[in-house]
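Got a few minutes to look over a protein model together? Pull up the sequence and the 3D view, and we'll go through it topic by topic.

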Amino acid sequence: MDSIDKLVEIFRRFPTVGSRTAGRFVYYLMKQPKQRTDELINAILELKNKIKLCQLCFDPFEGEGQICKICSNTSRNKNLLCIVEKETDLSSLESTKKYTGLYFILGGTVATMRKEDISQLRIEELKKRVKEGNFTEIIVALNPTPEGRTTSVLVEQSIREVWLSIKPAGPEQSRRITHLAKGIPVGGELEYIDEETLESALEGRK
Ligand SMILES: [Zn+2]
């Protein structure tokens, strides 16, 4: 495979990029001075060397320690957890500035309950997080797609399983699982929804 085809193939693997766009990227890069392409190469290397996954929420971050800024922020509500499919969903919710709890990135959704599918998700990590955290409310904020719904069932089962095995912090303290309110179009994805709709879906959760 020559170097043009090889690079086209690499760009084609990017989300939302088809062969034509991939081709345009490659021709664009060919026209750039070497300094520009070096800049790109170094930025990619830096990304891989400096970015780590938060040990609590699994959001990628750059900085000291093993915990991201959100998880280590003491003014956030430590009793509230929001489970999302991917990083961009976390960013969407964060941009509403209405959510003050913590997050957990599941790492995907599944179409079936098959073991090999489920193993692609961070279910075991989630159970550990729920067990060690002291959450009184967990919002399951997966996309309203068929996969999102199947995955929500699995996630809820896992949370209940853990909660059954541990006592609540106080005798009168209730624990609940909630969902974003309707308003997010069926089949829609959190990352493409405007802030206002997302904000009201968050406020109207039940
Ligand atoms: Zn984190």
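Here's a quick briefing, starting with the whole chain and ending with a few single residues.

Keep in mind that this is a predicted model. The protein has nine helices and six strands, and its 206 residues are split by the domain assignment into domain 1 (3-52) and domain 2 (74-203).

**The overall picture**

- Along its principal axes, the C-alpha trace spans about 65 × 40 × 35 Å.
- Taken over C-alpha atoms, the centres of domain 1 and domain 2 are 33 Å apart.
- Of the 206 residues, 20% count as buried.
- If you take the contacts with a separation of 6 or more, 54% of them come from residues 24 or more positions apart in the chain.

**H1 against H2**

- Helix H1 covers residues 3-12 and helix H2 covers residues 19-31; their axes come within 8 Å and cross at roughly 125°.
- That angle makes H1 oblique to H2, because it falls outside the 65 to 115 degrees that count as roughly perpendicular and isn't over 145, where roughly antiparallel starts.
- H1 passes H2 in a right-handed crossing.
- On the H1 side, the contact is made by Ile-4, Leu-7, Val-8, Phe-11 and Arg-12.
- H2 brings Ser-19, Ala-22, Gly-23, Phe-25 and Val-26 to the contact.
- Sorted by class, the contact of H1 with H2 comes to seven nonpolar, two polar and one charged residues.

**H7 against H8**

- Helix H7 (residues 123-132) packs with helix H8 (residues 146-165) at an angle of about 40°, and their axes are 9 Å apart.
- So H7 is oblique to H8 as well: roughly parallel would need an angle under 35 degrees.
- The crossing of H7 and H8 is right-handed.
- H7 puts Ile-123, Leu-126, Lys-127, Val-130 and Lys-131 into the contact.
- From H8, the contact residues are Val-155, Ser-158, Ile-159 and Val-162.
- The class split for the contact of H7 with H8 is six nonpolar, one polar and two charged.

**Two loop residues with positive phi**

- Thr-16 isn't a glycine, yet has a positive phi of about 65°.
- You'll find Thr-16 in the loop between H1 and H2.
- Thr-16 counts as exposed because it has 5 C-beta neighbours inside 10 Å, and the cut-off for exposed is 12 or fewer.
- Lys-97 also has a positive phi, of about 60°, and isn't a glycine either.
- Lys-97 is in the loop between helix H5 (87-95) and strand S4 (102-105).
- With 9 C-beta neighbours inside 10 Å, Lys-97 counts as exposed too.

**Arg-205, after the last-named helix here**

- Look for Arg-205 in the segment after helix H9 (195-203).
- Is Arg-205 exposed, partly exposed or buried? Arg-205 is partly exposed, because it has 15 C-beta neighbours inside 10 Å, while buried takes 20 or more and exposed takes 12 or fewer.
- Leaving out residues up to four places away in sequence, Arg-205 touches Ile-139, Thr-178, His-179, Leu-180 and Ala-181.
- Arg-205 and Ala-141 are 64 residues apart along the chain, and their C-alpha atoms are separated by 9.6 Å.

Technical notes. Residues are numbered from 1 along each chain as its sequence is written. This is a predicted model: local features need pLDDT of at least 70, side-chain atom pairs count only at pLDDT 80 or more; totals for chains, interfaces and linings use all residues. Axes are lines fitted to C-alpha atoms, for helices over the stretch in contact, and angles run from 0 to 180 degrees between N-to-C directions. Helices (H or I, at least four residues) and strands (E, at least two) are DSSP runs, numbered from the N terminus. A crossing is left-handed if the near helix is turned anticlockwise from the far one by less than a right angle, and right-handed if clockwise. Two residues are in contact if their C-beta atoms, placed from the backbone, lie within 7 Å. Ala, Val, Leu, Ile, Met, Phe, Trp, Tyr, Cys and Pro count as nonpolar, Asp, Glu, Lys and Arg as charged, and the others, Gly among them, as polar. Domain bounds come from an automatic or database domain assignment.
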